[in-house]
Amino acid sequence: MVGYLNKTKEIVKSLEETYKIDVLALAKDYADMKTLETMSATYRCTIHTVLVVLTTLGLRRKRKHRTLDYNIFQAQLLESKGASETIVEEMFDVEEEMNFLRNSLATKDRAVIKLRSEINQLRHEKRSQVKSEHLHDKISLAFTDRIKNYKFSEINTTFNISNAHLQSLPAEGLVVLYGDIHLGEVVTKDEVPNNEYNYDIAKARMDHYIDSIITYPLQSNNVTVVNLQDNIKGMIHNGLYTSEGSFIKSLLEIVDLNVYFYGVLSQVYDVVTVRVTGDNHSRLTQGIPTDNKNIDYARLTDEMTARLLKAKGITNVNICSTEHTLNMFNINGADIVAFHGDSLRSYNVCTGAQRSLLQDHCLAFYNTPYKHAFNGHTHRACLSANQFGGMSITNGTLVGSNAYGTTNGFSSVSSSQTICFVNTKGNIEDTKTINFDSINSLQ
């Protein structure tokens with residue numbers, strides 16, 4: 001041991017002669033946790049020189065080793081005070097114990113951080129659940145009150161098809177696209193100079209649409225309404241707080257509009273079949289869901305619509321929803337797929353590759369190829385012959401241009417809805433886009 005201690009002193013002396021620095025003072029600075037840069041500046045040498053000296057003395061660079069290594073270094077120098085290998089061994093034992101405690105503490109810290117994160121997440125979920133339950137309670141109360149106090153007014157149609165004419169009509173064929181109504185959206189000329197929109201204007205435009213449907217030159221005994229949804233402004237785009245009269249009022253208004261729309265058609269046609277799709281504005285959260293997409297406010301309003309129609313004594317309206325993003329059905333031998341449009345993000349009826357992608361979905365999920373396709377979502381009416389012998393139609397929107405579109409750089413769109421006719425051979429014989437741009441107030 002004595003020889004080893006003497007060797008340590010010799011190493012210190014050699015380093016001082018070689019680098020012209022106070023090695024013992026540098027070692028003390030090392031123990032005081034000073035940085036390499038500070039020691040380099042203090043002793044006017046390079047960082048490399050500092051590292052060489054520390055390494056030669058067996059002093060490790062990391063802060064957690066410095067106290068122990070410096071004490072061992074001091075013990076090696078204290079030959080005259082009886083330093084022994086036992087002291088060094090004890091120091092190593094102390095370091096090992098400290099490392100064990102340090103690692104245990106780090107493990108506990110990580111566990112605490114994880115638990116804290118889980119607690120915060122649970123608190124967030126609890127707050128969200130409370131808000132959701134509060135909103136659902138308000139909606140339930142509003143609907144209950146509406147049902148109890150609902151006024152069943154007479155439906156007066158502007159046009160009737162006589163029984164004699166009905167006998168010469170096909171059973172099926174007339175198809176009405178209905179979607180992107182966005183009730184709750186408010187458009188003013190201050191923000192959008194070429195358009196206005198609110199509940200009253202939406203009702204006026206729907207009256208014009210009903211007239212256009214009933215007076216459409218091609219008719220059938222029954223009518224198919226394809227409800228492409230997005231019929232409320234919903235929760236997205238801050239709609240929970242900015243819908244006209246409140247988000248809950250928009251839910252009540254779409255139920256009233258649905259009852260009115262389907263009710264009028266039920267007086268003219270033998271059967272009104274409503275094919276319903278999913279959408280994005282009716283979702284329960286601001287964020288896009290990755291599952292249970294079919295559970296949304298549109299299902300709530302459709303169910304309330306069905307109940308009010310039944311209470312009104314209207315039994316010839318059948319609302320057919322789907323749990324999938326696609327709703328497939330057949331008219332006069334033609335397989336038709338309807339979907340809102342948000343589930344195929346880049347879908348465009350004018351793009352052959354996108355029409356093929358939609359066909360892939362139909363074959364994969366239903367083992368049935370579509371001939372005709374209906375969608376909404378983009379707000380711009382469009383018609384294109386597809387490669388499957390049919391037509392692909394994008395429905396327009398009742399609201400037209402709005403502040404969201406203009407402020408985000410989208411081009412102006414006309415307010416419109418689409419009517420078409422599938423003849424007895426399964427071909428779309430005719431389509432008509434009804435424009436509502438001139439209807440900006442109740443007539």
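This briefing describes one sheet in a predicted model and the helix that packs on it. The sheet is open and consists of 5 strands in the order 5-6-7-9-8, with mixed pairing; strands (E, at least two residues) and helices (H or I, at least four residues) are DSSP runs numbered from the N terminus, and two strands pair if DSSP finds at least two bridges between them. Residues are numbered from 1 along each chain as its sequence is written. Local features need pLDDT of at least 70, side-chain atom pairs count only at pLDDT 80 or more, totals for chains, interfaces and linings use all residues, and side-chain values use heavy atoms, with hydrogens and water left out.

**Edges of the sheet**
- Strand 5 (327–331) and strand 8 (382–385) are the edge strands, each of which pairs on one side only.

**Strands 5 and 6**
- Strand 6 (residues 334–339) pairs with strand 5 in the antiparallel sense over 5 bridges, and F329 stands opposite I336 in strand 6.
- The two strands form a hairpin with 2 residues between them, and N332 in the turn has a positive phi of about 50°.
- Strand 6 is largely enclosed by the rest of the structure, because 5 of its 6 residues are buried, where buried means under 20% relative accessible area (1.4 Å probe, protein chains only).

**Strands 6 and 7**
- Strand 6 and strand 7 pair in the parallel sense over 4 bridges, with F339 opposite N375 in strand 7.
- From strand 6 the chain crosses through helix 12 to strand 7 in a right-handed β-α-β crossover, that is, with the strands pointing away from the viewer, the path from the first strand over the helix to the second runs clockwise.

**Helix 12**
- Helix 12 (residues 352–366) packs on the sheet and touches strand 5, strand 6, strand 7, strand 8 and strand 9, contact meaning heavy atoms within 4.5 Å.

Terms used
Axes are lines fitted to C-alpha atoms, for helices over the stretch in contact, and angles run from 0 to 180 degrees between N-to-C directions. Buried means under 20% relative accessible area, exposed over 50%, partly exposed in between (1.4 Å probe, protein chains only).
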